[in-house]
Amino acid sequence: DKPKFFTTAQRSALTWHILQNTQYEEDDKSIGIGPLLSDEVFSAAYPLHESNHSVLKGEDIKTDRQFLYEQWAHPRNIFKQQPLNHVRRYFGEKVGIYFTW
């Protein structure tokens, strides 16, 4: 399944890797987003979330982001058990470990 081949965290990491390593001019020093941020060409750089977080009535949950919003991040779920595997799959290992402890 092509859309699910990489997790959201892996897609974000790949996107960030491309931003860090893409050459934007001919010289060897013009590589990555870092120099562009330092020169204030861009004010910030970060990967975006996938799709909308909300689920309409009668609609099925289609993305990890929608699942996390409905089952974890919504205020009505404050005392429910955290879906740690979904958190890890969406945000990555470091954030998953953070929420485990």
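**Exercise 1. Packing of two helices**

At roughly what angle do the axes of helix α3 (residues 64–73) and helix α4 (residues 84–91) cross? Classify the crossing and describe the residues that make the contact.

*Solution.* The model is a predicted one.

Step 1. The two axes come within 10 Å of each other, and their crossing angle is roughly 140°.

Step 2. Angles over 145 degrees count as roughly antiparallel, and those from 65 to 115 as roughly perpendicular. The value for α3 and α4 is roughly 140°, and the two helices are therefore oblique to each other.

Step 3. As to handedness, α3 and α4 cross in a left-handed sense.

Step 4. On the α3 side, the contact is made by D64, R65, F67, L68 and W72; α4 contributes H86, V87, R89, Y90 and F91. Sorted by class, the residues in this contact comprise six nonpolar, three charged and one polar.

**Exercise 2. Aromatic pairs**

Determine how the rings of Y98 and F99 are arranged, and place both residues in their aromatic surroundings.

*Solution.*

Step 1. Searching the whole structure yields five aromatic pairs. In the pair Y98 and F99, the ring centres are 5.2 Å apart and the ring planes stand at 90°.

Step 2. Rings pair if their centres lie within 6.5 Å, and planes over 60 degrees apart count as edge-to-face. The pair of Y98 and F99 is therefore edge-to-face.

Step 3. Y98 has a relative accessible area of 61% and is exposed, whereas F99, at 31%, is partly exposed.

Step 4. Y98 and F99 belong to one aromatic cluster together with W72, Y90 and F91. Among these, W72 of α3 and Y90 and F91 of α4 also take part in the helix contact of Exercise 1.

**Exercise 3. A backbone exception**

Which phi does E40 have, positive or negative? Locate the residue and state its exposure.

*Solution.*

Step 1. E40 has a positive phi, about 60°, although this residue is not a glycine.

Step 2. The position of E40 is in the loop between α2 (33–38) and α3.

Step 3. The relative accessibility of E40 is 71%. The limit for an exposed residue is over 50%, so E40 counts as exposed.

**Exercise 4. The whole chain**

How many helices and strands does the protein contain? Summarise its burial and its contacts.

*Solution.*

Step 1. There are five helices and zero strands, giving the order α-α-α-α-α from the N terminus.

Step 2. Of the 101 residues in the protein, 20% are buried.

Step 3. Among contacts with a separation of 6 or more, 25% are between residues 24 or more positions apart.

How values were computed: Residues numbered from 1 in each chain as written. Predicted model: local features only at pLDDT ≥ 70, side-chain atom pairs only at ≥ 80, totals over all residues. Heavy atoms only, no water. Axes fitted to C-alpha atoms, helices over the stretch in contact; angles between N-to-C directions. Helix = DSSP H or I, 4+ residues; strand = E, 2+ residues; numbered from the N terminus. Parallel < 35°, antiparallel > 145°, perpendicular 65-115°, else oblique. Left-handed = near helix turned anticlockwise from the far one by under 90°. Contact = heavy atoms within 4.5 Å. Nonpolar A, V, L, I, M, F, W, Y, C, P; charged D, E, K, R; others polar. Phe/Tyr/Trp six-rings, centres within 6.5 Å; stacked < 30°, edge-to-face > 60°. Buried < 20%, exposed > 50% of the residue type's maximum accessible area, 1.4 Å probe, protein only.
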